[in-house]
Amino acid sequence: MTMPHLSDAELAGQPAAYWTGVAYESLIAFTRSQHAAHGFTQPQFWLLRNLSPNDLLPGGGGLSVPELRHAMRSYLRAEDDLDAEAEVLRERGWLTRGADGRLRITEAGEAARLRLKQHAPGSGPASTTASTTPTTSPPSKCSGG
């Protein structure tokens, strides 16, 4: 989100929706930089979470990339390429792809999910909701002033 340069007076006159957008973009940038510092991306963490029978996919069974996209539709960003991210995780041995095209988390992937969870902003010891909601999934956007 490109922010135009505004004077202090112009900034003071911006509606709450403007500031909500600024805060949202700042939170995403911070979260993604924290993930990158630990060698993974936010979409990779979401893939592991959405494929884990111990997290967001009770019962396991795997999901296809279109099913994952649908499951993550409320928080995926336009630049998130789940096919490419899944391939990275597959190369690391954290996911497998069956003949049916479904991705499944491996034991190594589950161990990685637990390690990565420790580094996800909002998932530290003080957080009690980290295992039930996607890390930094954005709220619904609203328009208006």
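A residue counts as buried when its relative accessible area is under 20%, as exposed when it is over 50%, and as partly exposed in between. With that cut-off in hand, and remembering that this is a predicted model, begin the tour inside the fold.

Select helix α3, residues 42-51, and colour its residues by accessible area. Because 10 of the 10 residues of α3 are buried, this helix is largely enclosed by the rest of the structure; the buried set runs through Gln42, Pro43, Gln44, Phe45, Trp46, Leu47, Leu48, Arg49, Asn50 and Leu51. To see what covers these residues, add the surrounding elements, which include α2 (16-37), α4 (65-71), α5, β1 (95-97), β2 (103-105) and α6 (107-117).

Next, keep α3 and show helix α5, residues 82-91, whose axis comes within 9 Å of the α3 axis and crosses it at roughly 75 degrees. That angle makes α3 roughly perpendicular to α5. Display the side chains where the two helices meet: Pro43, Gln44, Leu47 and Leu48 belong to α3, while Leu82, Glu85, Ala86, Val88 and Leu89 belong to α5. Sorted by class, this contact has 7 nonpolar, 1 polar and 1 charged residues.

Finally, move to strand β1, one of the elements that cover α3, and select threonine 96, which lies in that strand. Is threonine 96 buried, exposed or partly exposed? Its relative accessible area is 37%, so threonine 96 is partly exposed. Beyond its neighbours within four places in sequence, threonine 96 is in contact with Arg90, Arg102, Leu103, Arg104 and Thr106. Draw a C-alpha to C-alpha distance from threonine 96 to threonine 106, and it should read 6.8 Å, although these two are 10 residues apart in sequence.

Conventions. Residues numbered from 1 in each chain as written. Predicted model: local features only at pLDDT ≥ 70, side-chain atom pairs only at ≥ 80, totals over all residues. Heavy atoms only, no water. Axes fitted to C-alpha atoms, helices over the stretch in contact; angles between N-to-C directions. Helix = DSSP H or I, 4+ residues; strand = E, 2+ residues; numbered from the N terminus. Parallel < 35°, antiparallel > 145°, perpendicular 65-115°, else oblique. Contact = heavy atoms within 4.5 Å. Nonpolar A, V, L, I, M, F, W, Y, C, P; charged D, E, K, R; others polar. Buried < 20%, exposed > 50% of the residue type's maximum accessible area, 1.4 Å probe, protein only.
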